[in-house]
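Student: I would like a close look at a single part of this model. Please take the pocket and then work outward to the strands and loops around it.

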Amino acid sequence: MGHTLLCVLSLFLLPLLHCGQAEDAALTLEPRSSYLFTGESVTFICDMNEGNDTDWYYKFNWNGQQIVSFNSRKSYSLELTEDLSGDYQCIGRHQGSTNLTKHSNKVTLSVSALRPTATLRAARTSIPAGGTLTLTCSVEGSGDWKYDWFSRNPDSHETKMVTDGVQNSVSVSHEGIYRCRGRRGNPVFFTKLSDMHRIEKTCRFSNLF
């Protein structure tokens with residue numbers, strides 16, 4: 001009797017162990033932001049967290065509807081429009097068994113029709129004598145940006161400053177007119193340029209008395 005019961009339990013549990021339908025796959029985005037803009041390209045990356053990538057077939061859903069059928073590619077790229085906001089999920093099916101599937105987490109995208117404008121901030125409008133001033137660039141509401149910086153003198157053309165592009169701040173020691181913009185993704189998506197920010201240099205006067 002005990003042996004028979006053990007066999008029955010084994011037959012019952014085997015399909016449950018074999019059919020992995022928990023949220024044990026991971027769906028991530030490039031760029032790493034759930035707030036995106038019309039004209040941006042987003043890449044969905046589906047990771048099964050088990051075995052090799054080539055062991056699986058992948059499909060992608062949007063709002064519960066299939067947008068990419070099962071195939072061997074774990075990523076899917078999409079150029080966004082405002083009507084593509086919603087919930088995205090990927091599903092993996094093991095190539096060795098049609099019963100072994102994994103469902104990822106759901107990722108909710110909000111797609112805005114308006115191109116964002118970068119914001120440049122400075123603690124003051126003048127550079128202290130012999131010192132520097134830190135300028136900060138930001139894009140409200142979303143992340144994963146890199147930054148371009150531009151400067152010019154009143155009597156010169158605007159030039160792009162040499163920076164690593166990763167940091168959202170720069171230190172300047174020369175007066176001039178500065179502005180910035182954000183960029184991210186592949187192909188690159190640019191924000192609108194920030195407002196121009198005029199920075200002057202504080203003069204140092206010697207004590208004549």
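How do the residues of the lining of the largest pocket divide into nonpolar, polar and charged?

Tutor: The model is predicted, and what follows should be read with that in mind. The lining of the largest pocket divides into five nonpolar, four polar and six charged residues. In total, 15 residues line the largest pocket, and the space in it comes to about 270 Å³. Those that lie nearest its centre are Glu-30, Pro-31, Asp-144, Arg-184 and Gly-185.

Both domains take part in the lining. Domain 1 (25-112) and domain 2 (118-201) each contribute at least three residues to the lining of the largest pocket. By element, strand 3 (41-47) and strand 16 (176-184) each supply at least two lining residues. Strand 3 gives the most, with three residues.

Two of the residues nearest the centre, Glu-30 and Pro-31, are also joined by a cis peptide bond, with omega near 0°. Pro-31 sits in the loop between strand 1 (26-30) and strand 2. A second cis peptide bond runs from Asn-186 to Pro-187, with omega near 5°. Pro-187 belongs to the loop between strand 16 and strand 17 (189-190). Most peptide bonds are trans, and most residues other than glycine have a negative phi. Against the second of these rules, Asn-49 has a positive phi of about 55° although it is not a glycine. Asn-49 is in the loop between strand 3 and strand 4 (56-62).

Strand 3 can now be placed in its sheet. Three strands make up an open sheet in the order 1-3-6, and their pairing is antiparallel. Strand 1 and strand 6 (75-79) are at the edges with a single partner strand each, so one side of each has no neighbour in the sheet. From one strand to the next, the twist averages 20°. Strand 1 and strand 3 are antiparallel and are joined by five bridges. Within strand 3, Cys-46 is the residue that stands opposite Leu-27. Strand 3, which gives the most to the pocket lining, is thus between strand 1 and strand 6 in the strand order.

Strand 16, the other strand named above, pairs with strand 18 (residues 197-201). Three bridges join strand 16 to strand 18, and the two run antiparallel. Gly-176 is opposite Ile-199 of strand 18. Strand 18 also pairs with strand 11 (residues 126-127), this time in the parallel sense and over two bridges. There, Ile-127 has Lys-201 of strand 18 as its bridge partner. Strands of a sheet pair through backbone hydrogen bonds, either parallel or antiparallel.

Strand 2, on the other side of the loop that holds Pro-31, pairs with strand 9 (residues 107-112) in the parallel sense over three bridges. Phe-37 has Ser-112 of strand 9 as its bridge partner. Strand 9 is also joined to strand 7 (residues 86-94) by three bridges, and these two run antiparallel. Here Gly-86 stands opposite Leu-109 in strand 9.

Phe-37 leads on to the aromatic pairs, of which a search of the whole structure finds eight. One of them is formed by Phe-37 and Trp-145, and it is tilted, with 6.4 Å centre to centre and 45° between the planes. Phe-37 lies in strand 2 (residues 35-37) and Trp-145 lies in the loop between strand 12 and strand 13 (146-152), so the pair ties together parts that are 108 residues apart in sequence.

That loop leads to strand 12 and its sheet. Strands 10, 12 and 15 form an open sheet in the order 10-12-15, with antiparallel pairing. The edges are strand 10 (119-122) and strand 15 (169-172), each with a single partner strand, so one side of each is left without a neighbour in the sheet. With direction ignored, neighbouring strands of this sheet are turned by 25° against each other on average. Strand 10 and strand 12 (residues 133-138) run antiparallel and are joined by four bridges. Ala-122 has Leu-135 of strand 12 as its bridge partner.

To return to the pocket: its lining draws at least three residues from each of domain 1 and domain 2, and six of the lining residues are charged.

Key: Residues numbered from 1 in each chain as written. Predicted model: local features only at pLDDT ≥ 70, side-chain atom pairs only at ≥ 80, totals over all residues. Heavy atoms only, no water. 1 Å grid on protein atoms, 1.4 Å probe; cavity = no way out; pocket = protein on both sides within 12 Å on 5 of 7 lines; lining within 4 Å. Points joined across faces, edges and corners; volume = space filled by probe spheres on them. Nonpolar A, V, L, I, M, F, W, Y, C, P; charged D, E, K, R; others polar. Domains from an automatic or database assignment. Pairing = 2+ DSSP bridges. Axes fitted to C-alpha atoms, helices over the stretch in contact; angles between N-to-C directions. Phe/Tyr/Trp six-rings, centres within 6.5 Å; stacked < 30°, edge-to-face > 60°.
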